[in-house]
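Dear colleague,

Please find below the structure that I am handing over to you. My notes on what was found in it follow directly after.

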Amino acid sequence: MQEVQSSRRFRQSGVLLGGTVLSLALFLGITAKIFDPVPVVIVTTTIIAYFISNTLNYNETSPPLPDSFFEVRESEIPNSGNGLFARKEIAKGTYLMDYGGEVLSEGEYFQRYPTGQGRYVACISESIPFPDFGKLSEPTYIDGIDASQSNLARYMNSKRIEEGANVFWKKQRFGSRAMHFYAAQDVTAGDELCFDYGSNYWDAIIEIEEE
């Protein structure tokens, strides 16, 4: 846990230092009349507007699809246990559901998983990429290992995008942190729903199997 925290703090400190140096350079450049303040203001405003727009794009206010749209049965992927299947047609871009589970702080997560290898855990990155902002500077973990505290999303298996994953996700870092799932393509009744878990997940599984 300390290694993870130290690495994140180093990265956050680097971002803070870089932002401070850039701001100081712009200020001195404008003061010395090296830079025209109008383009600087325009560029800065554009960056802030993009950041806000991109952030809002990750928020989700629509209701998820009812559970009746899905069913859990044996996966079509070998050695994958159960999988989640569509019972009805779902249009591309449809919001399916969030990843449900017990919400854990970083300390709680590493207390439960000392090696940091929770197979049913989704990690939502920190809201603010700077140090010393309390929980806003720390990631949030959603643990779906307990089916009674999770939802149907825990049954979705993994396929890489190039292998035909038909679901994609967005992680909401501001407000109520969450992981939202959407249909990446038109889904037919009977299709198994899969998304790409990401390389970090598979690296962790390989480490577990090699122990």
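Read from the N terminus, the elements of the protein follow the order α-α-β-β-β-β-α-β-β-β-β-β-β-α. That makes four helices and ten strands. Please keep in mind that this is a predicted model.

Overall figures

Of the 211 residues in the protein, 32% are buried. The exposed surface comes to about 13,100 Å², and carbon and sulfur atoms supply 57% of it. Among contacts between residues at least 6 apart in sequence, 67% join residues at least 24 apart.

The four-stranded sheet

One open sheet consists of four strands in the order β1-β2-β10-β7, with mixed pairing. Its edges are taken by β1 (70-74) and β7 (157-158); each has a single partner strand, so one side of each is left without a neighbour in the sheet. Strand β10 (residues 192-195) runs parallel to β7, and two bridges join them. Within this pair, Phe 195 of β10 stands opposite Ser 158.

The loop between β1 and β2 (82-86) contains Asn 79. Most residues other than glycine have a negative phi. Asn 79, although not a glycine, has a positive phi of about 60°. With a relative accessibility of 85%, Asn 79 counts as exposed.

The three-stranded sheet

A further open sheet has three strands in the order β4-β6-β5, and its pairing is antiparallel. Here the edge strands are β4 (102-104) and β5 (121-124), each of which pairs on one side only. From one strand to the next, the twist averages 25°. Three bridges connect β4 with strand β6 (residues 140-143) in the antiparallel sense. Leu 104 has Tyr 141, in β6, as its bridge partner.

The surroundings of Tyr 109

Both members of that bridge, Leu 104 and Tyr 141, are also in contact with Tyr 109. Tyr 109 belongs to helix α3 (residues 106-112). Is Tyr 109 buried or exposed? Its relative accessible area is 5%, under the 20% limit, so Tyr 109 counts as buried.

Leaving aside neighbours within four places in sequence, the contacts of Tyr 109 also include Gly 116, Gln 117, Gly 118 and Val 121. In the case of Gly 118, the side chain of Tyr 109 reaches the backbone nitrogen at 3.4 Å. Tyr 109 and Tyr 141 are 32 residues apart in sequence, while their C-alpha atoms lie 6.8 Å apart in space.

The cysteines

How many disulfides does the structure hold? The number is zero. A disulfide is a covalent bond between the sulfur atoms of two cysteines. As to the surroundings of individual cysteines, Cys 194 is buried, with a relative accessible area of 1%, whereas Cys 123 is partly exposed at 30%. By residue number, Cys 194 falls within strand β10 (residues 192-195), and Cys 123 falls within β5 (121-124).

With kind regards

How values were computed. Residues numbered from 1 in each chain as written. Predicted model: local features only at pLDDT ≥ 70, side-chain atom pairs only at ≥ 80, totals over all residues. Heavy atoms only, no water. Pairing = 2+ DSSP bridges. Disulfide = S-S within 2.5 Å. Buried < 20%, exposed > 50% of the residue type's maximum accessible area, 1.4 Å probe, protein only. Contact = heavy atoms within 4.5 Å. Areas by Shrake-Rupley, 256 points an atom, 1.4 Å probe, with all protein chains shown as cover. Polar contact = N/O pair within 3.5 Å; in protein donor to acceptor, adjacent residues only side chain to side chain. Axes fitted to C-alpha atoms, helices over the stretch in contact; angles between N-to-C directions.
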